[in-house]
Amino acid sequence: MADDGLPVRSIAKSLTGISGFDELTLGGLPTGRPTLVCGSAGCGKTLFAATFLVHGARELDEPGVFVSFEERPGDIVDNVASLGFDLDTLIESGKVVIEHIEVDPSEVAEIGDFDLEGLFLRLELAIDSIGAKRVVLDTIESLFSAFTNQAVLRAEIRRLFDWLKDRGLTTVITGERGDGALTRQGLEEYVSDCVLLLDHRVQNQISTRRLRIVKYRGSSHGTNEYPFLIDQGGFSVLPVSSLGLNHRVFEERVSTGVPDLDAMMGGGGFHRGSSILISGVAGSGKSSLAASFVDAACKAGQKAVYFSFEESQEQTVRNMRSLGIDLGTHITDGKLKYVAARPTFYSLEMHLALMLREVLSFRPDIFVLDPLSAFTETGDRSEVHAMLLRIVDFLKSEGITGVLTHLTQSGQTVIETDSGLSSLMDAWILLLNRESNGEFNRELYLLKARGLSHSNQVREFVMSDDGIHLLLPYTGQGSALTGAARRVAEAEERRQERRREIEAEKAQKMIEQRRRRTLAQIEILRSELDADEAELRGLLETEAERRSQIEMEEAEMRRSRGST
Amino acid sequence: MPTENANTRKLTLYVAGETPKSLAAISNLERICREHLPGKYQIEVIDLKKNPQLAREHKIVAIPTLVRELPIPIRKIIGDLSDEQKVLINLKVE
């Protein structure tokens, strides 16, 4: 009705079965309309088209006609078999028809006016034979080399597209990339609904496939370039975009697997969903610490994914066994997924995309990337930075704890790390390898840990066959010492202590002796005093006796004188 | 009727319905053959509208298409055959 107003609902769409692409376009390609997929040779146009067709035939009960202007049907079947598509079975069951249109210009002469009614008839026959809903034209531009009268050809191609549209067929038309134009023959002029551009770029000898939606009439779409991948899992587009800073935060703690390190943060380890950077020079124990994280998570029943760009799975498993960390069991238990690749194997974008895909399918709790610095050699700084930002944002949004190691060059100062990593990271563990007195000592310093109170001490980092331990350094005499220096200093301290103890004991004894001597003297004096007192008392008594004797004698004398 | 010998040109003309182009091609071909190849030709006209599967079997894309099956090699001419000289050259008529 007229009062419906503006059309709010978007146009009908047909799923392509290409993971990522359907999400990106909110439902796939426009139903009943032609879509042009253009790109240079070998960038995956045919596979895109084949995936679209096979998905329709196999999953959505939409039979399809594959019109090939180049490859023979047998070749097409073989090519898509590499994506895991069994086209032969679909052909037998009447879900797919391959119509091979071949035109050999050497055996054809053009005299006078003509049209391509033969092509239309063949197409119609093929479509009607299986009730097709989807059509692929791969690559219709081949016709341009077969016919000299281009005006007729263009008119006929335009008529063909209109004809397909009138019949409501969802069509994918592939076109070769031309100089300065999307297609060599300007097919984009005839397809106004949806145009996709596939690209295959080589940078620093690494190729990346990318997809861009140039035009999608009647639908919103991202305008970015998205990396895509063709592998045994099929054709997949990997939408990678920055997710912003509105992720959830967790109070939950994640153990580092090193009790001493957990203790440095007031126990319990880092917050879940933190991104933790472990940086250090070669051989400072970055991978071991990362493996320790993984071990702790797996033992706690969580899942971990470990991306290594240096070592193979076997190598890491063997190496970590020497630390008493058994990654092999975690792998067989399905708790740990180990992915090893050379950084030069893909481009940055592709690595990122692959990592995200792995994370989305495996759903780990801990994500380890070892080492990050492998990328800084392949890409330029801003790209690496952008990639890290995306990884970190992605991990945060998923509540996954990220552990990223970074190899610092020995000459590099501590704080100056590549790509301004610090601001992206919630925690930064610095592993030092300090040379002093003819030995290297591993040291660990918790440079930062957002939201956690943490020790400011440099600890000695010791790897032994029962795991990683952090030793308190020697901190006497105004400096912190580690390794042999620590041991020497501690021994010296002990010797001095002993010496002091002995001195004190000696002094104590002397004082005791002196005290005893004094006490003895006091005793003597006291006894002398007692003797004197006794003597005095004796004297006084004798005197008193003498006086009373005298008094008695005087009285006696008075009595005797008076009575007589 | 002409007999089938080494000089006989076996010609098949593929058309689609009675379109002006198809009708022009038929009349042009018949006229050229009558005038230049008396008794040395054999024409078969196939209407693909009626038998579309033949388009597939005989690999026909453009309409009208004239196929010279004999003498070998197979030669295809597309168009309404309006240029008599060109037709003769392509049919290798001396």
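A residue counts as buried when its relative accessible area is under 20%, and as exposed when that area is over 50%; values in between count as partly exposed. These classes are applied below to a predicted model.

Chain B is described first as a whole. It contains 3 helices and 4 strands. Read from the N terminus, the elements follow the order β-α-β-α-β-β-α. The chain has 94 residues, and 45% of them count as buried. Its accessible surface amounts to about 5000 Å². Carbon and sulfur atoms supply 52% of that surface. Contacts in chain B were also sorted by separation along the sequence. Among those with a separation of 6 or more, 66% are between residues 24 or more positions apart.

Charged pairs were examined next. Side chains of opposite charge can pair when their charged atoms come close. Over all chains, the search of the whole structure yields 33 salt bridges. Three pairs and one network are described here.

The first pair is in chain A. The side chains of Asp193(A) and Arg33(A) form a salt bridge, with an N to O distance of 2.7 Å. Asp193(A) sits in the loop between strand S8 (170-176) and strand S9 (194-203), while Arg33(A) sits in the loop between strand S2 (29-30) and strand S3 (34-39), so the bridge ties together parts of chain A that are 160 residues apart in sequence. The two partners fall into separate accessibility classes. Asp193(A) has a relative accessible area of 3%. This value is under 20%, so Asp193(A) counts as buried. Arg33(A), at 26% relative accessibility, is partly exposed.

A second pair in chain A joins Asp61(A) and Lys95(A). Their closest N and O atoms are 3.0 Å apart. This pair, too, links distant parts of the chain, with the two positions 34 residues apart. Asp61(A) is in the loop between helix H2 (45-59) and strand S4 (64-68). Lys95(A) is in the loop between helix H4 (87-92) and strand S5 (96-100). Asp61(A) is exposed, at 52% relative accessible area. Lys95(A) is partly exposed, at 25%.

Chain B provides the third pair. Glu84(B) and Arg31(B) form a salt bridge, and 3.0 Å separates their closest N and O atoms. Here the link runs from helix to helix. Glu84(B) belongs to helix H3 (residues 84-90) and Arg31(B) to helix H1 (residues 20-36), and the two residues are 53 residues apart. Glu84(B) is partly exposed, with a relative accessible area of 23%. Arg31(B) is also partly exposed, at 28%.

Salt bridges also extend across chains. Glu117(A), Glu156(A) and Arg159(A) are linked with Lys49(B) in a network of salt bridges.

Like charges also gather on the surface. A patch of negative charge is made up of Glu523(A), Glu528(A), Asp530(A), Asp532(A), Glu533(A) and Glu535(A). One of these residues, Asp530(A), is found in helix H15 (residues 483-563) of chain A. Asp530(A) has a relative accessibility of 44%, so it counts as partly exposed.

The backbone was then checked for unusual geometry. Most residues other than glycine have a negative phi, and most peptide bonds are trans. Both chains contain a cis peptide bond before a proline. In chain A, such a bond joins Asp370(A) and Pro371(A), with omega about -15 degrees. Pro371(A) lies in the loop between strand S18 (366-370) and helix H13 (373-376). In chain B, the cis bond joins Ile63(B) and Pro64(B), and omega is about -5 degrees. Pro64(B) lies in the loop between helix H2 (52-57) and strand S3 (65-70).

Positive phi values occur at two residues described here, Leu26(A) and Asp61(A). Leu26(A) is not a glycine, yet its phi is about 55 degrees. The residue lies in the loop between helix H1 (21-24) and S2 of chain A. Leu26(A) is exposed, with a relative accessible area of 56%. Asp61(A), the partner of Lys95(A) in a salt bridge, has a phi near 55 degrees. Asp61(A) lies in the loop between H2 and S4 of chain A.

Technical notes:
Residues are numbered from 1 along each chain as its sequence is written. Chains are lettered from A and ligands numbered from 1 in the order in which they are written. This is a predicted model: local features need pLDDT of at least 70, side-chain atom pairs count only at pLDDT 80 or more; totals for chains, interfaces and linings use all residues. Side-chain values use heavy atoms; hydrogens and water are left out. Patches are made of residues with over 30% relative accessible area and no salt bridge: like charges are joined within 9 Å, nonpolar side chains (Val, Leu, Ile, Met, Phe, Trp, Tyr) within 5 Å. Accessible areas come from the Shrake-Rupley method with a 1.4 Å probe; for residues, only the protein chains shown count as cover. A salt bridge is a side-chain nitrogen of Lys or Arg within 4 Å of a carboxyl oxygen of Asp or Glu. Lys and Arg count as positive and Asp and Glu as negative; His and the chain ends are not counted. The place of a charge is taken as NZ of Lys, CZ of Arg, CG of Asp or CD of Glu. Buried means under 20% relative accessible area, exposed over 50%, partly exposed in between (1.4 Å probe, protein chains only). Contact means heavy atoms within 4.5 Å.
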